[in-house]
Amino acid sequence: MTTTQDPQAGGPRRTDVDRAFLDNATYRSLGEQHLSPREERFEKTRRTVGLVLAPVVTVAFLLVPTTLEDTQHTLAAVLLGVIVLWITEPVPIPVGGFIGVAAIVVLGVAPADEALAPFGSSTVFTFIGAFILAQAMLKHGVAKRFAMSVLDLPGVGRSTFRVVIAFGAITALLSAFVSNTATVAMLLPTAIGILSVVAKLMQANGDVAEDFDPLRLRIGAALMLMLAYGASVGGLLTPVGSPPNLIGRGLIEEATGERISFLDWMMMAAPICALMFVALAVVILLLNRPEIRRLEGVEEYVDAERAKLGRMTLAERNTLVAFAVTVTLWIAPGVVALVAGTESSAYTTVSDRLDEGIVAILGASLLFLLPTKWADREFTLRWSDAARIDWGTVVLFGTGIIFGSLLESSGLAETIGNGASDRLGLTSVFWITAFAVVLAIVVSETTSNTASAAVVVPIIIPIAMAAGVNPFVPALAATFAASFGFMLPVSTPQNAVVYGSGAVPITKMIRTGSAFDVLGAVLIVLILPLMVGALGLGE
């Protein structure tokens, strides 16, 4: 935490809010955090328990006889141990992932080259490019300008609750047509800017201690979680909003011969998304209640800060150019899908070539090409600035992709799904749908939502057919639920992005995410069949 010395000898240090957000460290030791005695005791206990529990759980599961194949058995044991490390944090979360990757190679689950291959995933490069863009937006003040615009919306800036809800609504609407990861990446700097402004207001009004930690504010956790989860909810609204939607829709068409049109999908998903968003706002604001409800002096503060910012600098304009190019290329596939359809060759070509990871690093590269002072060969961003991005989160999600890939390639996910179905004796549409939702969410917690859809939907379709049930609703429910999994940073790319802000402790993500998992599952199971029936789909 960055502070400045109080001029009065012995007085508390005053937190430098801007520096705290620019130089934040996501994976901080206890000594780097400003904790109350109660919080410190809890953190020490949690981390100590995890240090002992992780190896005990792994070894115990390895020794328990199961019907799993040897490779699947070992993978399951290692994955359980890694999940314990991620939840309890006895070591930084990326290091927990490293330990798991090393274990699967040493124990013979997969050779090193095969295990490490997913680190080349497009999503990893999306993180790198997006984080570099965010660093430029924070350094040059572009994020602050965006934040001022949000806070200046009529009736929004005076209430922390309204700020969180309005920002979530903007995120959800954008995410319906832009990938969830890209949406969160482009809005993250604005979210940090808003949080910085709110933290300064609270500091100026005496609502926090002089030496407070702005990365531990509940309003920060609420805003960041709304950004991540709001994107997942909005991504369900259209077929192109999230990769699982296209995967599930294709598998359903292949199995049933029925294609869900763009309009039918939106009509079916709109009520579900609306109710999910309401549930999301309630859960986030109840479990992460902002320290203050009303923001005093917002208008005056926004006006004063805008005056300080003055006219836009060349560095800001260059950053906006790089950002605009990146966003335009991210949006392009969605626009082509609306005009030409997702089955057209134009959409296939554009979506393949404008991969979001490639677009992100192209946009980030522009920051090192657009000059701010050509005579001195100074450009918009220096590598020393880019090197400060959260590489730990990049590593963390890479390890998550590795485990997701192994779940699929080893057949462990399929074994779990088929075994659970056989034991439960599922025969009705309702119970198969409920099972599909739970399985998709559980799988999505430890791997990406895309992998969850690719793994779970092919499991559910034959289960439904074997029971004499039309697989349309269960498979569609699994597709929707694959976009859930909100408990861990590795569950979805957007979770990892906001976790990289440093403003969301893992305990808050687990508590809020598990509550929303349950509410979302209930909404899918109860409302999706009603909407499918009302539109005459799946008949």
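Helices here are DSSP runs of H or I at least four residues long, numbered from the N terminus. With that in hand, glutamate 89 is easy to place: this residue sits in the loop between helix 3 (70-88) and helix 4 (93-106). Keep in mind throughout that this is a predicted model.

Let's stay with glutamate 89 for a moment. Its phi is positive, about 55°, although the residue is not a glycine. That deserves a look, because most residues other than glycine have a negative phi. Is glutamate 89 buried or exposed? With a relative accessible area of 11%, glutamate 89 is buried, because anything under 20% counts that way.

A second residue with this kind of backbone is arginine 377, a non-glycine whose phi is also positive, near 55°. You'll find arginine 377 in the loop between strand 3 (371-373) and strand 4 (378-379). Its relative accessible area is 48%, so arginine 377 is partly exposed.

How far should you trust the coordinates? The mean pLDDT of the chain is 82, and 91% of the residues score at least 70. Among the elements, helix 10 (residues 218-235) has the highest mean, 92, while strand 1 (residues 3-4) has the lowest, 49. Around that strand, residues 3-7 have a pLDDT below 50, and this stretch makes twelve contacts in the model beyond near neighbours in sequence.

Now for helix packing. Two packed helices are described by the angle between their axes and the distance between the axes. Take helix 9 (residues 180-204) and helix 10: their axes cross at roughly 160° and come within 10 Å. Angles over 145 degrees count as roughly antiparallel, so helix 9 is roughly antiparallel to helix 10. The crossing of helix 9 and helix 10 is right-handed. On the helix 9 side, the contact includes Val184, Leu187, Leu188, Ile192 and Leu195, and helix 10 brings in residues including Ile219, Leu223, Met224 and Leu227. What does the contact of helix 9 with helix 10 divide into? There are 14 nonpolar residues, four polar and no charged.

Helix 6 (residues 122-140) and helix 16 (residues 356-366) give you another pair, packed at an angle of about 25° with their axes 7 Å apart. An angle under 35 degrees makes helix 6 roughly parallel to helix 16. Helix 6 passes helix 16 in a left-handed crossing. Helix 6 contributes Ser122, Phe125, Thr126, Gly129, Ala130, Ile132 and Leu133 to the contact, and helix 16 contributes Glu356, Gly357, Ala360, Ile361, Gly363 and Ala364. The residues of this contact of helix 6 with helix 16 divide into seven nonpolar, five polar and one charged.

Finally, a look at how sequence separation plays out in space. Phenylalanine 277 lies in helix 12 (residues 262-287) and is buried, with a relative accessible area of 17%. Its C-alpha atom is 9.1 Å from that of isoleucine 165, although the two residues are 112 places apart along the chain. Leaving aside neighbours within four places in sequence, phenylalanine 277 is in contact with Ile165, Gly168, Ala169, Met226 and Val233.

Glutamate 114, in helix 5 (residues 112-116), counts as partly exposed at 45% relative accessibility. Glutamate 114 and leucine 187 are 73 residues apart along the chain, and their C-alpha atoms are separated by 34 Å. Leucine 187 is one of the helix 9 residues in the contact with helix 10.

Methods: Residues are numbered from 1 along each chain as its sequence is written. This is a predicted model: local features need pLDDT of at least 70, side-chain atom pairs count only at pLDDT 80 or more; totals for chains, interfaces and linings use all residues. Side-chain values use heavy atoms; hydrogens and water are left out. Axes are lines fitted to C-alpha atoms, for helices over the stretch in contact, and angles run from 0 to 180 degrees between N-to-C directions. Helices (H or I, at least four residues) and strands (E, at least two) are DSSP runs, numbered from the N terminus. Angles under 35 degrees count as roughly parallel, over 145 as roughly antiparallel, 65 to 115 as roughly perpendicular and the rest as oblique. A crossing is left-handed if the near helix is turned anticlockwise from the far one by less than a right angle, and right-handed if clockwise. Contact means heavy atoms within 4.5 Å. Ala, Val, Leu, Ile, Met, Phe, Trp, Tyr, Cys and Pro count as nonpolar, Asp, Glu, Lys and Arg as charged, and the others, Gly among them, as polar. pLDDT is the predictor's confidence in each residue, from 0 to 100. Buried means under 20% relative accessible area, exposed over 50%, partly exposed in between (1.4 Å probe, protein chains only).
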